[in-house]
Amino acid sequence: MSKRLRSSVLALLAVASLAASVSCGPPPDAGVLRVWTEDFEIRLLPDVVPPRALERITYTVTVLDKETREPVVNGEGRIFATNADRKTVWNGLTYGPEAGTYRTTIMFVTAGDWAMGIQFRRDSTSALQRSEDWRQTVRNELAPSAEAQIRVPTTDPVKTPPPAPTLDSTNKTP
């Protein structure tokens with residue numbers, strides 16, 4: 001093989017290797033759900049995907065103004081969900097620490113499909129704007145592990161009474 005052909009093959013392999021390493025892994029916004037209202041673009045990122053019933057799921061919510069693409073600071077909002085059995089959960093958004101970022105937690109009480117939505121407003125003088133609803137599938141809760149179970153003793157432990165005082169030659173009182 002000629003030196004020139006060998007260097008071309010090695011260069012081609014290096015480019016292919018670099019392309020494969022760049023394309024591997026999730027995109028930077030993997031798992032982010034995007035919803036829109038009249039004035040806002042809202043991005044939601046749960047800390048657990050898919051969520052399980054009876055576990056606290058923390059959502060990081062980023063709100064941007066649709067026209068200016070600027071983060072919305074000190075807004076107000078809430079996230080809510082209802083399942084087919086009409087069980088409903090909701091929670092307000094807490095602002096911070098990054099500009100335009102809010103956090104909230106939800107605990108789904110049962111497994112199954114939940115219809116979810118979010119409402120948001122720039123401040124208390126504005127009307128709440130509601131996003132389109134989306135569907136979230138919640139898996140069954142995890143069974144308790146053997147280590148997490150509380151063990152109850154079968155008998156009460158017997159406490160040993162303190163020793164009785166003894167008389168010695170220096171102690172004259174009975």
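**Surface and overall make-up**

I began with the surface of the protein chain, which exposes about 12700 Å², with carbon and sulfur atoms supplying 56% of that area. I note at the outset that this is a predicted model, and I read every value below as computed from that model. I then looked up how much of the chain is covered, and found that 25% of its 174 residues count as buried.

For the secondary structure I recorded 1 helix and 10 strands, and when I read along the sequence the pattern came out as α-β-β-β-β-β-β-β-β-β-β. I also looked up how the contacts are spread along the sequence: among those in the protein chain with a separation of 6 or more, residues 24 or more positions apart account for 57%.

**Thr110**

Next I turned to Thr110 and asked where it is placed. I found Thr110 in the loop between β7, residues 101-107, and β8, residues 112-121. Its relative accessible area is 27%, and I therefore entered Thr110 as partly exposed, since that class lies between the buried limit of 20% and the exposed limit of 50%.

Which residues does Thr110 touch, once those up to four places away in sequence are not counted? I listed Ala53, Asn83 and Val138. With Asn83 there is also a polar contact between the two side chains, at 2.9 Å. I checked the backbone as well, and noted that the C-alpha atoms of Thr110 and Glu141 are separated by 8.1 Å, although these two residues stand 31 residues apart along the chain.

**Asn83, the polar partner**

I followed that polar contact from Thr110 across to Asn83, and found Asn83 in strand β4, which covers residues 76-83. Is Asn83 buried or exposed? I entered Asn83 as buried, because its relative accessibility of 7% falls under the 20% limit.

The side chain of Asn83 also reaches the backbone nitrogen of Lys87, at 2.8 Å. When I left aside the neighbours of Asn83 within four places in sequence, I found it in contact with Thr110, Asp113 and Trp114.

**Salt bridges**

Finally I searched the whole structure for salt bridges, and the count came to 7. I looked up three of these pairs in turn, starting with Arg34 and Glu41, whose closest N and O atoms are 3.5 Å apart. Glu41 forms a salt bridge with Arg43 too, and there the closest N and O atoms are 3.0 Å apart.

I compared the cover on these residues, and entered Glu41 as buried because its relative accessible area is 4%, under the 20% limit. Arg34 is partly exposed, with a relative accessible area of 33%, and Arg43 counts as partly exposed as well, at 24% relative accessibility.

The other pair I looked up is Glu98 with Arg103, where the closest N and O atoms of the salt bridge are 3.6 Å apart. Here I found Glu98 partly exposed, with a relative accessible area of 39%, and Arg103 partly exposed, with a relative accessible area of 29%. Which residues are joined into one network by salt bridges that share partners? I wrote down Arg34, Glu41, Arg43 and Arg69.

Methods: Residues numbered from 1 in each chain as written. Predicted model: local features only at pLDDT ≥ 70, side-chain atom pairs only at ≥ 80, totals over all residues. Heavy atoms only, no water. Helix = DSSP H or I, 4+ residues; strand = E, 2+ residues; numbered from the N terminus. Buried < 20%, exposed > 50% of the residue type's maximum accessible area, 1.4 Å probe, protein only. Contact = heavy atoms within 4.5 Å. Polar contact = N/O pair within 3.5 Å; in protein donor to acceptor, adjacent residues only side chain to side chain. Areas by Shrake-Rupley, 256 points an atom, 1.4 Å probe, with all protein chains shown as cover. Salt bridge = Lys/Arg side-chain N within 4 Å of Asp/Glu carboxyl O.
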